[in-house]
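Thank you for making time this morning. I would like to walk you through one structure, going from its interior to its charged pairs.

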Amino acid sequence: MRLLLIVNPSAGGGRAGRALGEAQTALDKLGLEHRVQPTRSLDHARELALAARAAGEVAVAVGGDGLIGAVADALKYSDGVLGVIPGGRGNDFARALGIPLAAGAACEVLATGVVRALDLGQVGSRTFIGIASCGFDSVANRIANETRLVRGNLVYAYGALRALVGWRPATFTVKLDGGEVRTVTGYTIAAANSKSYGGGMLLAPDASLEDGLLDVVIIGHTPKLRVLALLPTVFKGEHIHHAGVEILRGAAVEIAASRPFAMYADGDPIADLPVTVLALPGAIRTICPSMRST
């Protein structure tokens, strides 16, 4: 097996660049042939992934969920294989698969893991690996991406707290699998391909990367003080027991809102509402730990 390490050196505040050296040392010890290509952009990462596939190499994303999503997008529905060495702020895809966050241990998975066909989500022509969300989450993600005051995965909690201060409830329409249109006033609508976002926030704790479905999370109107108390419970997935939270499941969901919002996925804006989000069953062949359920 030959590997192409596609690395974003600035990901995670430089975490990916630091992880690269540890990964190369581990790969040398494991006897895995590899080469390294830094990325200039997510589009460049897609080009590198396609080149790896053409050369018969495993395309290993060394960075955050945005980079992993770009590589997965390039390889979807092909014989190309995705490998993951976490190096971002949140690393939620790796968490969902049980891939260790330490680079050296993640390399062990590349050496001993199994290839499984995992689902992707899609909005328009763009795909994502984790959770696509909008509304309150749009504001929180924008704040998190713009801030330089907080580093690491705490930046997402900071973004949520800042967003809560000025939040006004929005009205959303949700249509699941071509069914009836539902109108909801509240905070967030999310389409979850995987369990978590924001560095371990279990927004959809029962979501699976292998069921061909999206878990659609609806967070309705709730007083701000109650939301403040609810935020810490998301890290354990306990928020789903709250009366204002509802989870549906389907292969496609149409979402619109009463005011403009960008939908964010894997940490970046992916489309402006209204959108249709689709599940892409078994779209990306990925090296996963040999004993792990997603």
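I will take the nonpolar cores, then the aromatic rings, then one strand and one helix, and finally the salt bridges.

Please keep in mind throughout that this is a predicted model.

Let me begin with the interior. The largest nonpolar core has 51 residues, and those with the most contacts inside it are Ile-6, Val-71, Leu-82, Ile-85 and Phe-93. Helix H3, which covers residues 65-75, gives the most to this core, contributing 7 residues. Apart from this core lies another one, of 47 residues, which includes Trp-167, Ala-191, Ala-207 and Val-275. If you would like one residue to look at on your screens, take Phe-93, which, when residues up to four places away in sequence are not counted, touches Asp-65, Ile-68, Leu-82, Val-84, Leu-118, Ile-129, Leu-209 and Thr-286.

Now to the aromatic rings. A search of the whole structure finds 5 aromatic pairs. Phe-136 and Tyr-187 form one that is edge-to-face, with 5.8 Å from centre to centre and 70° between the planes. This pair links distant parts of the chain, since Phe-136 is in helix H6 (residues 136-146) and Tyr-187 is in strand S9 (residues 181-192), 51 residues apart. Phe-136 and Tyr-187 are both buried. How are the rings of Phe-172 and Phe-261 arranged? Their centres are 6.0 Å apart and their planes are at 25°, so this pair counts as stacked. Phe-172 lies in strand S8 and Phe-261 in the loop between strands S12 and S13, so the pair ties together parts that are 89 residues apart in sequence. Ring pairs link Phe-136, Trp-167, Phe-172, Tyr-187 and Phe-261 into a cluster, and Arg-259 lies over the face of Trp-167, at 5.0 Å from the ring centre.

Next comes strand S7, residues 131-135. Is this strand enclosed or open? Of its 5 residues, 5 are buried, so S7 is largely enclosed by the rest of the structure. Both of its faces are covered, with Ile-131, Ser-133 and Gly-135 buried on one side and Ala-132 and Cys-134 buried on the other. S7 runs antiparallel to S9, to which 5 bridges join it, and Gly-135 has Thr-188 as its bridge partner there. S7 also runs antiparallel to S13, with 2 bridges between them, and in S13 the partner of Ser-133 is Tyr-264.

S9 comes up again with helix H7, residues 154-166, where Val-155, Tyr-156, Gly-159, Ala-160, Ala-163 and Leu-164 are buried. The buried residues of H7 pack against H6, S9 and helix H8.

Finally, the charged pairs, where the count comes to 10 salt bridges. Arg-46 forms one with Asp-43, the closest N and O atoms being 2.9 Å apart, and these two residues, 3 residues apart in helix H2, are separated by about one helical turn. Arg-46 is buried, with a relative accessible area of 18%. Glu-210 forms a salt bridge with Arg-116, the closest N and O atoms being 2.7 Å apart. Glu-210 lies in the loop between S9 and strand S10, and Arg-116 in strand S5, so this pair ties together parts that are 94 residues apart in sequence. Glu-210 counts as partly exposed, at 40% relative accessibility, whereas Arg-116, at 14%, counts as buried. Asp-215 forms a salt bridge with Arg-249, with 2.8 Å between the closest N and O atoms. Asp-215 is buried, with a relative accessible area of 1%, while Arg-249, at 43% relative accessibility, counts as partly exposed.

Key: Residues are numbered from 1 along each chain as its sequence is written. This is a predicted model: local features need pLDDT of at least 70, side-chain atom pairs count only at pLDDT 80 or more; totals for chains, interfaces and linings use all residues. Side-chain values use heavy atoms; hydrogens and water are left out. A nonpolar core is a set of buried Ala, Val, Leu, Ile, Met, Phe, Trp, Tyr and Cys residues joined through side-chain atoms within 4.5 Å. Buried means under 20% relative accessible area, exposed over 50%, partly exposed in between (1.4 Å probe, protein chains only). Helices (H or I, at least four residues) and strands (E, at least two) are DSSP runs, numbered from the N terminus. Contact means heavy atoms within 4.5 Å. Rings of Phe, Tyr and Trp (its six-membered ring) pair if their centres lie within 6.5 Å; planes under 30 degrees apart count as stacked, over 60 as edge-to-face and the rest as tilted. A charge sits over a ring if NZ of Lys or CZ of Arg is within 6 Å of the ring centre and within 35 degrees of the ring normal. Two strands pair if DSSP finds at least two bridges between them. A salt bridge is a side-chain nitrogen of Lys or Arg within 4 Å of a carboxyl oxygen of Asp or Glu.
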